[in-house]
Each structure stands twice: as C-alpha cells, then as structure tokens.
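Me: Hi! I've got a chain open on my screen and would love to talk it through. Could you take a look with me?

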Amino acid sequence: MKYIKQFDEAKEFTFTNIVNLCLLNKKLIALSLVIVVVLSFLFTYVVPSRYSADASIMPMESSSSSGGLSSFLQSMGGGISLGSLPTDNKSQILTEYLQSREIAKFIYDSLVLKNNKFFKDELLPDAYEKITKSIASKANRSGLVLLSVEMSTGFFPSSSDKALAAKMSADIANVAIAGLDYITRNKTVSKARNKRIYIEKVLAEKKEKLDSIDSRLQNFQRENKVLAIDEQAKAIIESSANLGTELLKAEHELTIKRMDFQPNSREIQMLEESIDKLRSQYLKIQNGGILGSSDYSIPLSKVPDLVKEYTSIIRDKKIMEQVNAYLESQKYQESIQETSDTPVIEPLDKAIVPIRRSSPSKLIAIVLGAFLSLSISISAIVVKNVHNKKFILK
C-alpha cells in the first residue's frame, strides 16, 4: 500500500477524480495488470485441460416384424397391448443406457483402459464411475440423441497428456455408440430368442392338437362311413330321388297293366317283382345303402347330425392348420432376428478428436485476470485515499 500515490490535497469523490487518481498510479496499475495477466496465462498451463468430443445417434426405427407377433401375443394374452414405443421414448431410453454400468464396462474393456495413464491407478468401480460421469447425452424432440464426452488431464499437463485426453474423448464417444449397439442388439436377440422358444412351445401344443383333430376325423369317417359328406349326401339324395321316381313309374304302370291283364298273368308278376326290388332298394338307401352294396353310405336320417359334427371337425382342423402356418412363419422371423448382425444403433455424426481444449480458455483467463487486476488495483488505490482523507465522501 505504501507504493500507492495520493493526492496532495483532499479531493471530492467524483468519477473524474478517480480517473485522475488512476492516472497518478498508472505505473502501479500497469505493473499489477501485467503480473496478473502473466499469472493467468501461466494458470492455463497448470490447471487440468479438458477436451470435449461430440457425436450424434440417429433415431431408432420401429421394427416391422414384431407387429405380427405382438398382435398374436395380444390375442393369446387377452388383449394386452405390446405395441412399440414412440421414437422419442426409445431415444430417451438410449440416453439412460449411456449412463449404465454395462456401457462403462464395455468402454473399459474395449479400450483396455486398465493400461491407460488416466485409469491405471483407478479401482474398477471408480473407473466405471469416471467413464459414466464423462458422458453427457440428451434426446431432442425428433429422436436424435446428442452425445458429448469430456476428458480431463491432471495438473501440470504435458503435451502428450493433452493429446491423449483429446483422443480418448473421441474414442470413448465412438465406443459408447458401438457399446450401445452391442447391448441393444443383444437385448433384441435375447427377446427374439425368448419369443422363438415361446412360439416353439405353443407350436408343439398346436401340432399335438392338430394330430388329435386328425385322429378324431379319421375315427369319425371310419365309424360313420364318411369321406366327403357333402358329396356323399348329394349322391345319396340323387340316388334316392331316382329310385323313388322309378318306383312311382313302376307302380303307375302296374295300375295300368292290371286293367289289361289278369292278376296272375306273367307280365303282372314280373312287374310286381320289379316293384318289390325297387321298394327294397329305396328302403335300403334311406337306411344307409346305395343299391345295398356301398360301404360308405349314410342313412339320410343321420345326415343333418353328421353334417354338423363333420363341419365342426373340419372347422377345427382348418383353424389349427392356419394357426400352425402362422406360428411357423413367426418362428422363422424370430430365428432370422436372432441370428441377424444388422446394426440397431447407427451414428449420424461420429466423434472426431478435438483440436482445441474446451477449458480452460486462455482468452477468458486473461480477460478475467485483467478485470480482477484492474478492479483490485483501483479499489485499493481508492480505499487508501479515502482512508487517508484524500477523498472526501459526501
């Protein structure tokens, strides 16, 4: 304080007098300014240097193959909705994945950070936490995920430390995206595997039920002499109608013949025998026998009940066949998904090694140092003059 110059006589505390006082002490102010600026400049070489690398991840696309299975499981599960999440929700989940221990472990193992200068002295949990804290991410409304990784050197960093920190910031960002794809794909494969196993289980049950229906159909056909009931019933009805027509014609002809011949005549006897045969055949066909010689005839009285039961069996069989065909197609889709190597997470912009550090900034450090130097110097000069009553405060 003894180096601060003062007014020779008391002055009024005005802005002009403050400026004059500063000019009176300009050498002291300039010296302190130079010292602080130099110290601020040197400070940027002492404190840790931080390097930040940025990357972005494209929004995830909805899987079209899961819709059919979701619909199927929904129908099997009584209407439970398994629809896909909106894109913004998926992107938000990705940002949460980036803060997980699994991603930190993937980065640590992929980059072999146990041999890295910045991590070799860290315990494994601390290393994971350090990696997680270095990653910052957010999802915008379009679903794009913005990723930023910041790495810091120690105090008194060398040029090699700075280069390593800059490179690591980019490496961690890119490996984090690869890890995100790896974990997401594994989860997708795991889901596809679980779905495939479930479908195979349901498919085995449905095939067993289909075999049971086939056995039921065979027994029905064997017991009721049914091959194709619609065609058989049609043939029986047509045969019955034809025999009935022939029988009516024969009876009508017999009535006419009796008018011309004696009851014991040969023609009357032959016609009566013919009518008896037609009547016998007609009764047989009504009771399940086409001309009395078919092994696959159906009694007309049983046709309605047989048609109903036969239709029920065929309906169940067709339903099971369609369900099985659907399940087979879904099983192959999930098998393809399970073995697929197609990337799930795709970067839009990969991280590149930053050229400049994000902090500390030399310019900001010098500007702040100069401002503080001027503020402190001028304040000290003014305070001393006020203390020595060289400034009159009103």
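Reply: Happy to; here is a chat about confidence, a helix, a pocket and a couple of residues. Keep in mind that the model is predicted.

Me: Good to know. What is the mean pLDDT of the protein chain?

Reply: The protein chain averages a pLDDT of 80, and 80% of its residues reach 70 or more. Over residues 64-70 the pLDDT is below 50, and that stretch has twelve contacts in the model beyond near neighbours in sequence. Residues 290-294 are also below 50, with seven such contacts. Where pLDDT is low, the predicted coordinates should not be read in detail.

Me: Fair enough. On to helix H11: how many residues does it have, and how far does it reach?

Reply: H11 covers residues 362-387, which is 26 residues. From first C-alpha to last it reaches 37 Å, close to the 38 Å expected at 1.5 Å a residue.

Me: Which residues of H11 are buried?

Reply: They are Ala365, Gly369, Ala370, Ser373, Ser377, Ile381, Val382, Lys384 and Asn385. In an α-helix there are 3.6 residues a turn, so residues three or four places apart point the same way.

Me: And what covers the buried residues of H11?

Reply: The cover includes helix H1 (15-24), helix H2 (26-46) and strand S6 (391-392). Just after H11, Lys389 takes a positive phi of about 60°.

Me: Switching topic: what lines the second largest pocket?

Reply: That pocket holds about 180 Å³ of space. Its lining is made of Arg50, Lys130, Lys133, Ser134, Ile135, Ala136, Ser148, Val149, Glu150, Met151 and Ser152. By type, four of these are nonpolar, three polar and four charged.

Me: Which element gives the most to that lining?

Reply: Strand S4 does, with five residues. Helix H6 (124-134), strand S3 (135-139) and S4 (145-152) each supply at least two.

Me: Now Met320. Where is it found, and is it buried or exposed?

Reply: Met320 sits in helix H10, residues 303-339. It counts as buried because its relative accessible area is 8%, under the 20% cut-off.

Me: What does Met320 touch?

Reply: Leaving out residues up to four places away in sequence, Met320 touches Lys206, Lys209, Leu210 and Ile213. Its C-alpha is also 9.7 Å from that of Asp211, although the two are 109 residues apart in sequence.

Me: Last one: is Arg356 buried or exposed?

Reply: Arg356 is exposed, with a relative accessible area of 70%. Its place is in the loop between strand S5 (347-349) and H11. The C-alpha atoms of Arg356 and Ser52 are separated by 8.8 Å, with their positions 304 residues apart along the chain.

Conventions:
Residues numbered from 1 in each chain as written. Predicted model: local features only at pLDDT ≥ 70, side-chain atom pairs only at ≥ 80, totals over all residues. Heavy atoms only, no water. 1 Å grid on protein atoms, 1.4 Å probe; cavity = no way out; pocket = protein on both sides within 12 Å on 5 of 7 lines; lining within 4 Å. Points joined across faces, edges and corners; volume = space filled by probe spheres on them. Helix = DSSP H or I, 4+ residues; strand = E, 2+ residues; numbered from the N terminus. Nonpolar A, V, L, I, M, F, W, Y, C, P; charged D, E, K, R; others polar. Expected span 1.5 Å × (residues − 1). Buried < 20%, exposed > 50% of the residue type's maximum accessible area, 1.4 Å probe, protein only. Contact = heavy atoms within 4.5 Å. pLDDT = per-residue confidence, 0-100.
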